[in-house]
Amino acid sequence: MDLKHLQSFVAVVQYGSFTKAAEKLYLSQPTISTHIHLLEEELRSCLMIRTKRSVEITPRGQELYECARSILDMRDNLLRRWMEENDRIIQLGASTIPSAYILPEILPEYGKAHPEVYFSIHQSDSQGVADGILSGSFDLGLIGMDVAHEQLTCVPFYRDRMVLITPVTPYFLSLKNQEGLSLERLLQEPIILREQGSGSKKSADRFLERMGIREEELKITARMNDQESIKNLVAGGLGISILSERAARNFVDEKRVLAFLLPEDTAQRYLYIVYRKKYILRPYIQAFVDQLKRRYAVALNG
């Protein structure tokens, strides 16, 4: 199966036209048609139905399209990594907490020791970063949950914990000073939750499950991706939330929100370094991993 044939097929599907595909690939329209014909002959399947006004993809064609995109992405990522090897660029995927709170601490330190290395940083949720590692888009990832996948290695490097944050009001201040406070009472308040796919959401779900509280029983007032927005909304009185202690620290120190500790056995969580199991880390990437481990050894083991 020729990669050029796959590239032509993918372009026709993406642009919905043989003419536009030919323009984008700088090929003639007959060449594109030949590539599609050769693919159909090789696979003994009709991949698309061409009419005067449109191009319709058959079920077999849709299946090939998804597979072909993955193959071409893997090729492009491989070529990119090889081309960047001399430039020493680390393609790094990071979820919210590492991106916002860990990287600003570690990158200046690493940069002083390795001025020749550059970073291309992509922020996503933990699952998105893991998917990027699997597809070859990232060399390395920093995420907020352990991803169980046979092709991935997840190494904990930072120990965090979840806390419940509330607005600073006389009511919540009175609860803060109250001994033996029932967390169930706090969870009756309107609550803002993180999106699916984030490590923080997974940790919050684990806490609620151990408390015997189903999500449907909560008064969910909003779901948001951005933790800074969540903290601002909590500080403004929209509701409470369950966040990483590391993420909430600055608002707590500035007395913009109150933090209530959760039981240790339900609140503890880790941040992880993630990479492909069979991927040999280049020396400068391994040096970054080693520095992360040294920098946060106390936070991990303390």
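1. In this predicted model, helices H1 and H2 cross in a right-handed sense. H1 covers residues 3-15 and H2 covers residues 18-25.

2. Two packed helices are described by the angle between their axes and the distance between the axes. For H1 and H2, the axes come within 8 Å of each other, and the crossing angle is roughly 125 degrees. That angle makes H1 oblique to H2, because it falls neither in the range of 65 to 115 degrees that counts as roughly perpendicular nor over 145 degrees, where helices count as roughly antiparallel.

3. Which residues of H1 and H2 meet? On the H1 side they are Gln7, Ser8, Ala11, Val12 and Tyr15; on the H2 side they are Phe18, Lys20, Ala21, Lys24 and Leu25. By class, the residues of this contact comprise six nonpolar, two polar and two charged.

4. A separate topic is the aromatic side chains. The structure holds seven aromatic pairs. In one of them, the ring centres of Tyr110 and Phe119 are 5.6 Å apart. Their planes stand at 75 degrees, so the pair is edge-to-face, the term for planes over 60 degrees apart.

5. Are Tyr110 and Phe119 buried or exposed? Tyr110 has a relative accessible area of 0% and is therefore buried, as the limit for that class is under 20%. Phe119, with a relative accessible area of 25%, is partly exposed.

6. The pair also belongs to a wider grouping: Tyr110 and Phe119 form one aromatic cluster together with Phe288.

Notes
Residues are numbered from 1 along each chain as its sequence is written. This is a predicted model: local features need pLDDT of at least 70, side-chain atom pairs count only at pLDDT 80 or more; totals for chains, interfaces and linings use all residues. Side-chain values use heavy atoms; hydrogens and water are left out. Axes are lines fitted to C-alpha atoms, for helices over the stretch in contact, and angles run from 0 to 180 degrees between N-to-C directions. Helices (H or I, at least four residues) and strands (E, at least two) are DSSP runs, numbered from the N terminus. Angles under 35 degrees count as roughly parallel, over 145 as roughly antiparallel, 65 to 115 as roughly perpendicular and the rest as oblique. A crossing is left-handed if the near helix is turned anticlockwise from the far one by less than a right angle, and right-handed if clockwise. Contact means heavy atoms within 4.5 Å. Ala, Val, Leu, Ile, Met, Phe, Trp, Tyr, Cys and Pro count as nonpolar, Asp, Glu, Lys and Arg as charged, and the others, Gly among them, as polar. Rings of Phe, Tyr and Trp (its six-membered ring) pair if their centres lie within 6.5 Å; planes under 30 degrees apart count as stacked, over 60 as edge-to-face and the rest as tilted. Buried means under 20% relative accessible area, exposed over 50%, partly exposed in between (1.4 Å probe, protein chains only).
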